[in-house]
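Trainee: Could we go through this model together? I would like to take it topic by topic.
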Amino acid sequence: MASVRVDHGVTSGTFSLDGQTFEVDNNVWVVGDDRQCVVLDAPHSVPGILDVVAGRAVTAILLTHAHDDHVRVAPELAEATGAPLYLHPAEEPLWKLTHPDRPMPQPLADGQEIAGLHVLHTPGHSPGAVCFYAPDLNCVFTGDTLFHGGPGATGRSYSDYDTIVASIRERLFTLPSATVVHTGHGRDTLIAAERL
Ligand SMILES: [Zn+2]
C-alpha cells in the first residue's frame, strides 16, 4: 500500500441553499494507487474530476455531505465511472433538494472503513456530514466541517453551531497533532494548528 497517494483538483460552480446562490471553488480529492482510486465528493464538473482520476478505475465515490456544490454531478460521475456513491443517511433531506428523482446513495456509517479511509460522523455543518480519516496517509478529509481557520458554516438550514463544535472537538481534535487536514474548500491545515 506504499504507493497509495492523494491527488487534488479544484472545480468551480455555485452553491445554493435557502434561496441564495454563491460562486464557489471546491476541492476534489482522489485517493489511490496507479491502478485504482476512490473519489471524495462530486463537485461541479465530471471532466474536471476525471482529470484528477487520470484514467484509473474508480472503486467508490465518497460524499462528505449533500450540499449541492459537493454532489451536483454525483449521478453523472457514478455513470461515467461505474462506481457506487456513498453518503450518510442523515443527508437525505439535502440530497433530495438537489436530486429529487435520484435514489439515496449507499449508506455510510460511523466507524466504517472503505479503501483505508475511516468514516467519522461529524454532524453540525449538516446532519450527516462525515470526515474520512486516513491513518496510513497521516491525513483527514474534512469536507465543510473543518477549514483552515476554523469550523465550517452553520448559518443555514440543517446546520447547528454547537453540534459542529462538539464534532470537531470530539472527533477531529482527538486525531494526532501532525494530521494534515484536506478541506472541501481552500487550503490545507494541520490538526495542531486548528486546535489552538
Ligand atoms: Zn457544505
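Mentor: Certainly. F15 is a good place to begin: its relative accessibility is 9%, so F15 counts as buried. Please keep in mind that this is a predicted model.

Trainee: Is F22 buried, exposed or partly exposed?
Mentor: F22 has a relative accessibility of 28%, so F22 counts as partly exposed.

Trainee: How many aromatic pairs turn up in the whole structure?
Mentor: A search of the whole structure finds two aromatic pairs. One of them joins F15 and F22, whose ring centres are 6.2 Å apart with the planes at 25°; the pair is therefore stacked. The cut-off behind that word is a plane angle under 30 degrees.

Trainee: Changing topic: which residues coordinate the zinc ion?
Mentor: The donors are H65 through NE2, H67 through ND1, H125 through NE2 and D144 through OD, at 2.1 to 2.3 Å. Along the sequence, these donor residues follow the spacing H-x1-H-x57-H-x18-D.

Trainee: And where do H67 and D144 sit in the chain?
Mentor: This pair links distant parts of the chain, 77 residues apart. H67 belongs to the loop between strand 4 (57-62) and helix 2 (68-71), while D144 belongs to the loop between strand 10 (139-143) and strand 11 (146-147). Both H67 and D144 are buried.

Trainee: Why is the arrangement around the zinc ion irregular?
Mentor: The four donor atoms subtend angles of 88 to 171° at the zinc ion, and the arrangement is irregular because of these angles. For a tetrahedral label, all angles would have to lie between 85 and 135 degrees.

Trainee: What else is in that loop between strand 10 and strand 11?
Mentor: T145 lies there too. With 1% relative accessibility, T145 counts as buried. The T145 side chain makes a polar contact with the side chain of T122, at 3.5 Å.

Trainee: On to the cysteines: how many disulfides are there?
Mentor: The search of the whole structure finds zero disulfides. C37 is in none, and the nearest cysteine sulfur to that of C37 belongs to C139, 15 Å away. C139 is in no disulfide either; its nearest cysteine sulfur is that of C131, at 12 Å.

Trainee: Are C37 and C139 buried or exposed?
Mentor: C37 has a relative accessible area of 2%, so C37 is buried. C139 is at 1% relative accessibility and therefore counts as buried.

Trainee: C131 is in strand 9, I believe. How many residues of strand 9 are buried?
Mentor: Five of the five residues of strand 9 (residues 130-134) are buried, so this strand is largely enclosed by the rest of the structure. Both of its faces are covered, with V130, F132 and A134 on one side and C131 and Y133 on the other.

Trainee: Which strands does strand 9 pair with?
Mentor: Strand 8 (residues 117-121) pairs with strand 9 in the antiparallel sense over four bridges. In that pairing, H118 stands opposite Y133. Strand 9 also pairs with strand 10, again in the antiparallel sense, over three bridges. There, A134 has C139 as its bridge partner.

Trainee: And what connects strand 9 to strand 10?
Mentor: The two strands form a hairpin, with four residues between them. N138, in the turn, has a positive phi of about 60°.

Conventions: Residues numbered from 1 in each chain as written. Predicted model: local features only at pLDDT ≥ 70, side-chain atom pairs only at ≥ 80, totals over all residues. Heavy atoms only, no water. Phe/Tyr/Trp six-rings, centres within 6.5 Å; stacked < 30°, edge-to-face > 60°. Buried < 20%, exposed > 50% of the residue type's maximum accessible area, 1.4 Å probe, protein only. Donors = N, O, S within 2.8 Å, 3.2 Å for Na, K, Ca; no water. Tetrahedral: all angles 85-135°; square planar, octahedral: opposite > 155°, others 65-115°. Disulfide = S-S within 2.5 Å. Pairing = 2+ DSSP bridges. Polar contact = N/O pair within 3.5 Å; in protein donor to acceptor, adjacent residues only side chain to side chain.
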